[in-house]
Amino acid sequence: MTGQWGLAVTRAQRLASAALTVTDNNWEYTGTRNTLAIALAALGRKSAGGVEAVTLGSMLWHLSRLDGGIRELAIPLVGEDLALSTDTDPATVEDSSDPLIATWLWLTRTWSADPNQPYQRGRWEGMTRALARGSAEPAVVVCRGLAVDAVYHALEEELDGPLPAGTEVQAVGGEFDGCTGVVIAPAWYFDDERRDLSGGPLPHGYEVQLAQPAPDNTVNVILRTAALQVVLDEEAWEEAHHSAHGLDAWTRAERQAWILTTRHIGYDADDLDLYACGTSSTPESVSEREHTWLPANRLLALAVWRAARHEGRLVDDVDLNRPLWWLGGALHQHLFTDPLPVWDPETSPIDGSWEDLREREEELLARARGIATWHSLRDLHDNRALRDTEDGTSFPVPLLLGDRCRDLTAGPFRDGRPPRWESAVSYATKAVTDATHQLHTGEWQPQTQARQAAAELLPTLQAPPDIPHLPAHISGPAWIQRAVRIGHLQATLRTVQEHHKGDTELDVHPAQPLGLAIGLTWNALDDSAPALAGLEELWTSRQHDVARWERAHMPLALRAYIRALEELAFALCTLCFDLNADGSSH
């Protein structure tokens, strides 16, 4: 038990320190930490994974049961008599020197409440104290609320992009339908049978302060997440999409949905292999895309657009499970309510109108739901190795639409095929390898222009990935640094190409080994832009540690893509180094 108790104290220290502003030799901190440690030790004893597997929801369920909750938990640790007692003389307790027993004795002792005694440190064993200084009650009573707050704080820190306090929202449906208010904090529902948080998307809801009291004078209410929507600043929301993607929100939603749809059905207009084998343009496949999948995709895109508006997020930041609320879920009745995106006949991939699509809703609904569900399940399969590294006490990392599309862009067009980037990277690698071979055999005699261009490229190619800067305790390179470096390499290659524009040796032509190598490498790097887009912004706005961020936003397919581009860049670096190693061709 000593080892588990040590783990309990360490984890309790992290929880208490994160929530309390004063921790150094402070009575409230000590009481809160000790209460959390007892809860963790007791719950860890019931768990096969020990203290490290205890969930925050389980802690909150037990600690919320007033004083009796923590005392009930303590019974298996210290025995029933001691667990239910107060002010027990340590001299009467066997093993009172045991750290766990000593902690419990401290938690259940009373303190002087003499109003004539000055509030000095000596009154609390040399510790500072600000909470309930006139109370004689033991810390197990006084600090229980702080322990609950510490767990609430940890729960909120685990959330990915919750609505901030002060966000203006409006109730959707129910007794408060149409009422507006501001978010106070996330709210949680318990499963009393499991003695943990209820399942479903987190947070379960929000505590909201209504702008106007309800008919029964209620001011603060708890609304489920699906039952409230952000009061949207339409202009700012659209501007955010233009700034991030150069597109309005609806166009972005439809394009991202189409990436999901094409991967689901194994089709993509850029898949040259599909055309080569003659299966792309058969009348049957064209008809199915036009009459079934394009309308189903527009239905999915509408649900994505709704989900983004509902929480005031960018389309790419929508949890992929959220659109299901409008596709047969809790908000299905609101899918076609105003406002609707503009249906532009000039740009729409299908004929008709929103009313026409609504008439086919029942027919298309299962297809649209199936696309989103299929991708959620495929992500679990494709990135299981990453999910298996998650801390079991943490909330699962949500699958965002942008991350899934990024994953697909770095993967194959359909099952059983190589990644879509493989041919471009292989082609560029061959050009670099051939140039190196010709250099070493003397078949190619580079002149001043080629050597100068190689010298200009070499510092960037040799530089390690070091931007953006990482937290002090993290050693690099991190995946975000490696991803950002790809963009820097691409920009440098383009700059050198432009600088030497008109120089024959830098022409992208088979007769010019270095020009061809640089040109094809630039093409391969440039192709990665859609897969890497937005990562820097996600990094800047991250809420969690580096490992959790990487699990969320760097899927395995994207990591493989980055590694392949790094190997290509290393080959070009070797070529440029050899070109300048001794000033000769050998």
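Biologist: Quick one to start: is Arg65 buried, partly exposed or exposed?

Modeller: Arg65 counts as partly exposed, because its relative accessibility is 33%. Keep in mind that this is a predicted model.

Biologist: Sure. Which residue does Arg65 form a salt bridge with?

Modeller: Asp192. The closest N and O atoms of that pair are 3.2 Å apart.

Biologist: And where do the two sit in the chain?

Modeller: In distant parts of it, 127 residues apart. Arg65 is in the loop between helix 3 (56-63) and helix 4 (66-78), while Asp192 is in the loop between strand 3 (190-191) and strand 4 (196-197).

Biologist: What about the accessibility of Asp192?

Modeller: Asp192 has a relative accessible area of 48%, so it is partly exposed.

Biologist: How many salt bridges does a search of the whole structure find?

Modeller: It finds 21. Some of them are linked up: Arg263, Arg378, Asp382, Arg404, Asp407 and Asp415 form a network of salt bridges.

Biologist: Nice, let's stay with that network. Which residue does the side chain of Arg378 meet in a salt bridge at 3.2 Å?

Modeller: Asp415, with the 3.2 Å taken from N to O. That pair also links distant parts of the chain, 37 residues apart. Arg378 belongs to helix 14, and Asp415 to the loop between helix 16 (401-409) and helix 17 (422-441).

Biologist: Is Arg378 buried or exposed?

Modeller: Buried, because its relative accessibility of 19% falls under the 20% cut-off. Asp415, on the other hand, is partly exposed, with a relative accessible area of 49%.

Biologist: And Arg404, which residue does that one form a salt bridge with?

Modeller: Asp407, and the closest N and O atoms are 3.2 Å apart. Both Arg404 and Asp407 are buried. They are 3 residues apart in helix 16, so about one helical turn separates them.

Biologist: Switching to helix packing. At what angle do helix 10 and helix 14 cross?

Modeller: Roughly 75 degrees, and the axes of helix 10 (residues 249-265) and helix 14 (residues 361-382) come within 10 Å. That angle is why helix 10 counts as roughly perpendicular to helix 14.

Biologist: Which residues make the contact?

Modeller: On helix 10 they are Leu260, Thr261, Arg263 and His264. Helix 14 brings Gly370, Ile371, Trp374, His375 and Arg378. By type, the residues of that contact are 3 nonpolar, 4 polar and 2 charged. Arg263 and Arg378 come up again here, since both belong to the salt-bridge network too.

Biologist: What about helix 2 and helix 6, at what angle do they pack?

Modeller: About 125 degrees, with the axes of helix 2 (residues 27-46) and helix 6 (residues 99-107) 10 Å apart. That makes helix 2 oblique to helix 6. The crossing is left-handed.

Biologist: Which residues meet there?

Modeller: From helix 2, Trp27, Thr30, Gly31, Asn34, Thr35 and Ile38. They meet Leu100, Thr103, Trp104, Trp106 and Leu107 of helix 6. This contact has 6 nonpolar and 5 polar residues, and no charged ones.

Biologist: Zooming out, how many helices and strands are there in the protein?

Modeller: 24 helices and 7 strands. The C-alpha trace spans about 95 × 70 × 40 Å along its principal axes.

Biologist: What share of the residues counts as buried?

Modeller: 48% of the 586 residues. As for contacts between residues at least 6 apart in sequence, 68% join residues at least 24 apart.

Notes. Residues are numbered from 1 along each chain as its sequence is written. This is a predicted model: local features need pLDDT of at least 70, side-chain atom pairs count only at pLDDT 80 or more; totals for chains, interfaces and linings use all residues. Side-chain values use heavy atoms; hydrogens and water are left out. Axes are lines fitted to C-alpha atoms, for helices over the stretch in contact, and angles run from 0 to 180 degrees between N-to-C directions. Helices (H or I, at least four residues) and strands (E, at least two) are DSSP runs, numbered from the N terminus. Angles under 35 degrees count as roughly parallel, over 145 as roughly antiparallel, 65 to 115 as roughly perpendicular and the rest as oblique. A crossing is left-handed if the near helix is turned anticlockwise from the far one by less than a right angle, and right-handed if clockwise. Contact means heavy atoms within 4.5 Å. Ala, Val, Leu, Ile, Met, Phe, Trp, Tyr, Cys and Pro count as nonpolar, Asp, Glu, Lys and Arg as charged, and the others, Gly among them, as polar. A salt bridge is a side-chain nitrogen of Lys or Arg within 4 Å of a carboxyl oxygen of Asp or Glu. Buried means under 20% relative accessible area, exposed over 50%, partly exposed in between (1.4 Å probe, protein chains only).
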